[in-house]
Each structure stands twice: as structure tokens, then as C-alpha cells.
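Subject: Structure handover and findings

Dear colleague,

I am passing on the structure below, together with an account of what was found in it. Please read the text with the coordinates open beside it.

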Amino acid sequence: MIAVVFLLLLLAVAIFAAATGGQAVPVVEILGLTGVFLLFFGAGVYIAAVLGLLGILIGLTFSDRPWWAFAGQTLWGPSSNFVLVAVPLFLLMGEILLRAGLSDRLYRALNVWLNRLPGGLLHTNIVSCAVFSAISGSSVATAATMGSVALPYFNNSAYSQRMVLGSLAAGGALGNLIPPGITFIIYGLITETSVGALYIAALLPSILVTGLFILVILIHGWTHPLPRPERLPLGMKLRALLDLVPTLLLMLLVLGSIYAGFATPTEAAALGVVGAAVFAAIEGKLSFRLLNASAEATARNTALLGLIIFGAYLLNYLLTAINVPQTLAGFIGGLPLPPWAIMACILALYLALGTFMEGFSMIITTVPVVFPIVTALGYDPIWFGVMVTMLVEIAQISPPDGTVMYVLQGMRPKPGPITDVFTGVMPFLAAYLLAVVLMMIWPGIALWLPKVMG
């Protein structure tokens, strides 16, 4: 679908250029490429290969410069970028924490404090996902980790399975929004925006979205009451706080070093890996087998993301070389609409793309085209980075193609239809959309902290 979107976009821009006195429109070539890539997607070709092949064919069809003359330099840029080193490091930190059992301790400790609220364990799902997101940086990793920990607690319980799965999916979707989200690193790399400033700007929106999720569960708890568990003694609650110490110290190590200016996101990610290994050793879980399994999972996920980035970079370079983003920016910028209406159309486009396009692929293939339009309209790149990340997270929980939902569906202890997850996530999806509207109305939610902190 990404290929088709870009090819049809190219056709629209070419027609517009021809209508305003430009070159003739190569309609046959564009429609031919569209047909080829419909065939590729129908055959299930991997997204990274599709992006790369699309870039090569566009270069051969529309560019007078052979693609092999610049492919090496184009791909060397992202592969040697220091900022991107943070991606595998954050993934590795999350893998170590999962295998060391620290995520299970986090869930149990939060459950002791939250289980008497209306909604009970559902609150623990959201808050534990939010806390784990602050040391994970990945939505899929957060959903997979906390899902594996939380789902056994709901076996043979009176909780609605749809709300259980929906709350875990929504909580997992916080993984990229709450710093140190990986999406901010990719966005900062593409747009040359400060990743540290993006992390600061994401703090209040993260609190806003988490609060709205908790409100959804409170309303559900009031309308579908369950027997409240017995009140636990204060001493037991205070002892449970000890289980939060490793996670909180890692958050302080990673985010504190970034916000204090002591470390870049990449250096903070390396500190986080060391900290996770130290806590695994304290737990007596650190071993060669644990490190090897964590490294293998990290290498597999990093290779997947890396190939997508390489294919997208080649495609983006060629689209820029044939002036697609520039022409599109000029066309949209010239529309007789106020800037807020154009921005609303852009956000609506992201919401539509999120229903059939994977979120990570969406950001690295669309931001190079959309970003010049946004800056031309006068919007702040930091604010837009937070908005795009929120929309990518919405894509992760948007039927029918939300990645996080399929992760949880595959982890269910009892089989059931995927529509259970779709139905359960809908109230949280509405809350997330409300947060996007509030960010649109009051951009200061994202921009106030970076302004105060300088």
C-alpha cells in the first residue's frame, strides 16, 4: 500500500505540474509502476524490499541520473548515523529486563497499589505499560512484555476479556510516545530536529494520554462494577515499593541523564543497557544464555528496522530529486484554506493511512514529503514531531492493521477472534483521538516545557 500511495501521489503531482505549464505527464509509466507494485504487495513481498525496489524503478523511470551512482552514499548516511545506535540499545535494554523478570516485579508492585480502584487490574495494565515504556522505547516491545506478564492474572477472572486486551493494547501504544521512544529518534534524524527537545516536549502529552486512558477505565469500572479485593495492610504496600526500585532507577538513569544534559539519547541508551545488566545480576538472572537470547532478539528486530530505513531513504532521496515533496508543498501551500484546515487534512491523512499501514513505515515514508508543508505553514517542528508520533501510536491500535493488537492476539492464553481486541481498544482509541484534538487546539501542551527548559 505504501508503494501505491506514493505512485498515485506522484501521478497527481505530475498532472498538477503539467496543468501549470510543466512537462508532459508520464501517465503510462506511473500506472505501469502502480500495477507492478500491486502485484508485489499481493505476493506478500517484504516492505523493505518494496520500498527499495520502488525507489530503484522510480529512479530508472523518472531520473536522468543512474541510481547506482548515489545509492551507496545515500545508504551510508543512516547506517553510520550515531543517533540511530540508540535504537538497538533501547531494544536490548528491554529484552534484558524481560528475561530478568523485572517487568513481572513491576506489575505486581503496581497491582498492590491500584487494585482497589474502579476497574482494578485494568489500571495496572495502563500504568505498568506507561512505566515500562519509559525504559523501553518501543510499542511492540512494551505490549509483548507487559502482555506476557499481565494476561495470566486474568485467567478465569470476571474481567471483560475485551477490556483486558484493549487496555494492554492501548498501554503498549504508549511505548513510542513516552520518552525514550524510538519514533522520536527516527523523526529527529529525518527532519534534523533535536531528539532531546522532542523527549521534553513529549512529557506532558504522555501524561495527558495516560490520564485519559485511566479515565476510560474508571468509567468502565463504575458502569461494570466488580467485587473489590480486600484492603491490604500499609506495610505490605510499602514493601511492594521495593519492587519498583530497579525500574525507577533505570528511568532516572536514562531520562535523567538526557534531561540534565549529561548524555545524548544514544549515550543514555548505553547507560540503560549497563543498568539493566546490573539489575539482572543483582536478581541472579544474568548469564551468557540471557545475554545471548537478548542479543539475538535485538539483532533480529534491528535488522528488520534497518532494512526498512535503507529502502525508505533510497525512495525519499529519489522523490526529492524529482521534486515531488517540493511540488506537493507548493500545491498544498497555495490552497485557499487557513493553515489549521490544511494541518487538519494532514492529520486526517495520517489517521487514514494508519488503518492499513504499519506505523514505523508510515513515519519514515511520509514525513519527508509532509514536513516541508508543515514548516511552510508555520508550525513548530517539535510540536509536529509529537503529533506524528501520537498518530503513529494510533495506527498501532487502529483496526484492521494495528501491529500491537496482533501481538496481543497471538499471546492470548485462550483462543478467540481478533474482533475482541478491536472492540476492546475502541474506547482507548477514542481517548487518544481526543488527545490529538486537544494538542491541535492547545499546542502549548507540547511546547511549554521545551520553552521553559530552554
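A word on burial comes before the findings: a residue is called buried when its relative accessible area is under 20%, exposed when that area is over 50%, and partly exposed in between. By that cut-off Asp420 is buried, because its relative accessibility is 12%. Please keep in mind throughout that this is a predicted model.

Overall picture

The protein has 23 helices and zero strands. Of its 454 residues, 52% are buried, and the area that the protein exposes is about 19100 Å², of which carbon and sulfur atoms supply 71%. When contacts are taken between residues at least 6 apart in sequence, 79% of them join residues at least 24 apart.

Salt bridges

Side chains of opposite charge can pair when their charged atoms come close. With a salt bridge taken as a side-chain nitrogen of Lys or Arg within 4 Å of a carboxyl oxygen of Asp or Glu, the count comes to three.

One of them involves the buried Asp420 named above, whose side chain meets that of Arg162 with an N to O distance of 3.2 Å. Arg162 belongs to helix H9 (residues 161-172) and Asp420 to helix H22, so this pair ties together parts of the chain that are 258 residues apart in sequence. Arg162 is partly exposed, with a relative accessible area of 40%.

Another salt bridge joins Arg105 and Glu283, with 2.1 Å between the closest N and O atoms. This pair, too, links distant parts of the chain, since Arg105 lies in helix H6 (residues 102-114) while Glu283 lies in the loop between helix H15 (265-282) and helix H16 (288-321), 178 residues apart. Arg105 counts as buried because its relative accessibility is 15%, whereas Glu283, at 31%, is partly exposed.

The salt bridge between Arg99 and Glu95, at 2.3 Å from N to O, lies within a single helix: both residues are in H5 (residues 86-100), four residues apart, which is about one turn of the helix. Here Glu95 is the buried partner, with a relative accessible area of 15%, and Arg99 is partly exposed at 33%.

Helix H22 and its surroundings

Two packed helices are described by the angle between their axes and the distance between the axes. For H12 and H22 (residues 419-441), the axes come within 9 Å and cross at roughly 145°, and the crossing is right-handed. On the H12 side the residues that meet H22 are Pro205, Leu208, Val209, Leu212, Phe213, Val216 and Ile217; on the H22 side they are Pro427, Phe428, Ala431, Tyr432, Leu434, Ala435, Leu438 and Met439.

Two of these residues, Ile217 and Phe428, are also in contact with Ser167, as are Leu122, Asn125 and Ile126, once the neighbours of Ser167 within four places in sequence are left aside. Ser167 is placed in helix H9, and it is buried, because its relative accessible area is 0%.

Thr423, also found in H22, lies 7.5 Å from Gly166, C-alpha to C-alpha, although the two are 257 residues apart in sequence. Thr423 itself is partly exposed, with a relative accessible area of 39%.

Surface features

What makes up the nonpolar patch on the surface? It covers about 500 Å² and is made by Leu204, Ile207, Trp448, Val452 and Met453. Helix H12 (203-223) and helix H23 (444-453) each supply at least two of its residues, and the largest share, three residues, comes from H23. Ile207 is one of the contributors from H12, and it counts as exposed because its relative accessibility is 56%.

One backbone feature should also be mentioned: Glu192 has a positive phi of about 60° although it is not a glycine. Glu192 is placed in the loop between helix H10 (182-191) and helix H11 (195-201), and with a relative accessibility of 74% it counts as exposed.

With best regards

Definitions and conventions. Residues are numbered from 1 along each chain as its sequence is written. This is a predicted model: local features need pLDDT of at least 70, side-chain atom pairs count only at pLDDT 80 or more; totals for chains, interfaces and linings use all residues. Side-chain values use heavy atoms; hydrogens and water are left out. Patches are made of residues with over 30% relative accessible area and no salt bridge: like charges are joined within 9 Å, nonpolar side chains (Val, Leu, Ile, Met, Phe, Trp, Tyr) within 5 Å. Accessible areas come from the Shrake-Rupley method with a 1.4 Å probe; for residues, only the protein chains shown count as cover. Buried means under 20% relative accessible area, exposed over 50%, partly exposed in between (1.4 Å probe, protein chains only). Axes are lines fitted to C-alpha atoms, for helices over the stretch in contact, and angles run from 0 to 180 degrees between N-to-C directions. A crossing is left-handed if the near helix is turned anticlockwise from the far one by less than a right angle, and right-handed if clockwise. Contact means heavy atoms within 4.5 Å.
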